[in-house]
Amino acid sequence: WNASVETYAKRFQALVVPDPVTNYSNAGTGEARGVEVLLRRAFTERVAGWAAYAHGSSRRRDGPGTPERFSDYDIPDMLSLVGRVRLLPGWSVSGRWRLASGTPYTPVTGKTTDTAGNAFPVFGPVNSARLPPYARLDLRTEAEFRFEGFTVTPYVELLNATDHENLAVVVWSANYSGERRVEQLPRTNFLGVQVTF
């Protein structure tokens with residue numbers, strides 16, 4: 001077994017941000033801080049795997065005097081569990097489960113319309129909304145057959161076994177009257193063969 005705890009605190013300067021005059025500038029600043037905990041059992045063992053938890057915060061300012069906001073990839077909490085069991089010589093079953101806070105995005109809070117009837121969005125504060133939490137369970141079973149000079153490993157894999165609705169992004173209708181949520185990978189089966197020389 002092996003366990004570790006790590007903390008971090010970083011400051012960022014001269015980040016590239018949009019600029020209404022020059023298109024882009026290096027006026028952005030930010031910081032990231034958090035803690036990561038890991039418990040691991042070596043994969044040389046019959047029962048192996050690891051558990052990891054991370055808690056952190058990542059914030060940005062798009063220039064002097066601008067409000068602080070979450071960075072585009074701020075994920076406050078993330079839990080990962082990975083395990084594998086060798087059932088018979090050459091045969092194993094493994095699984096991976098991940099649970100994480102949703103990433104932030106900028107919501108559309110309304111719209112305006114010009115005299116030609118064209119709709120324009122009214123945005124809320126930058127990254128002030130979040131996607132729902134992310135959850136995914138992947139399962140896999142495989143058999144390893146060794147030959148002289150190479151190894152053949154057929155496997156069956158089930159991704160997102162619980163068919164959890166994980167969202168990739170939120171998009172809006174052409175006239176900004178409503179939003180549509182785009183999902184990531186649904187429950188998916190794979191059958192494959194890996195050959196190693």
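**Strand pairing and a nonpolar patch**

In this predicted model, Val169 stands opposite Val182 in S15.

User: What makes strand S14 and strand S15 a pair, and in which sense do they run?

Analyst: Two strands count as paired if at least two bridges are found between them, and S14 (residues 167–172) and S15 (residues 179–183) are joined over five bridges in the antiparallel sense, so the definition of a pair is met. Among the facing residues, Val171 has Arg180 in S15 as its bridge partner.

User: What do S14 and S15 form, and which residue in the turn has a positive phi?

Analyst: The two strands form a hairpin with six residues between them, and Tyr176 in the turn has a positive phi of about 60°.

User: Why is Phe145 called partly exposed?

Analyst: Phe145, which lies in strand S12, has a relative accessible area of 39%; because buried means under 20% and exposed means over 50%, the value for Phe145 falls in between, and the residue is therefore called partly exposed.

User: Which residues make the nonpolar surface patch, and which elements give two or more residues to it?

Analyst: Leu87, Leu88, Trp91, Val93, Phe145 and Phe147 make a nonpolar surface patch of about 600 Å², and the elements that give two or more residues to the patch are strand S5 (77–88), strand S6 (91–100) and strand S12 (145–147).

Terms used: Residues numbered from 1 in each chain as written. Predicted model: local features only at pLDDT ≥ 70, side-chain atom pairs only at ≥ 80, totals over all residues. Heavy atoms only, no water. Patch = residues over 30% accessible without salt bridge, like charges linked within 9 Å, V, L, I, M, F, W, Y side chains within 5 Å. Areas by Shrake-Rupley, 256 points an atom, 1.4 Å probe, with all protein chains shown as cover. Salt bridge = Lys/Arg side-chain N within 4 Å of Asp/Glu carboxyl O. Helix = DSSP H or I, 4+ residues; strand = E, 2+ residues; numbered from the N terminus. Buried < 20%, exposed > 50% of the residue type's maximum accessible area, 1.4 Å probe, protein only.
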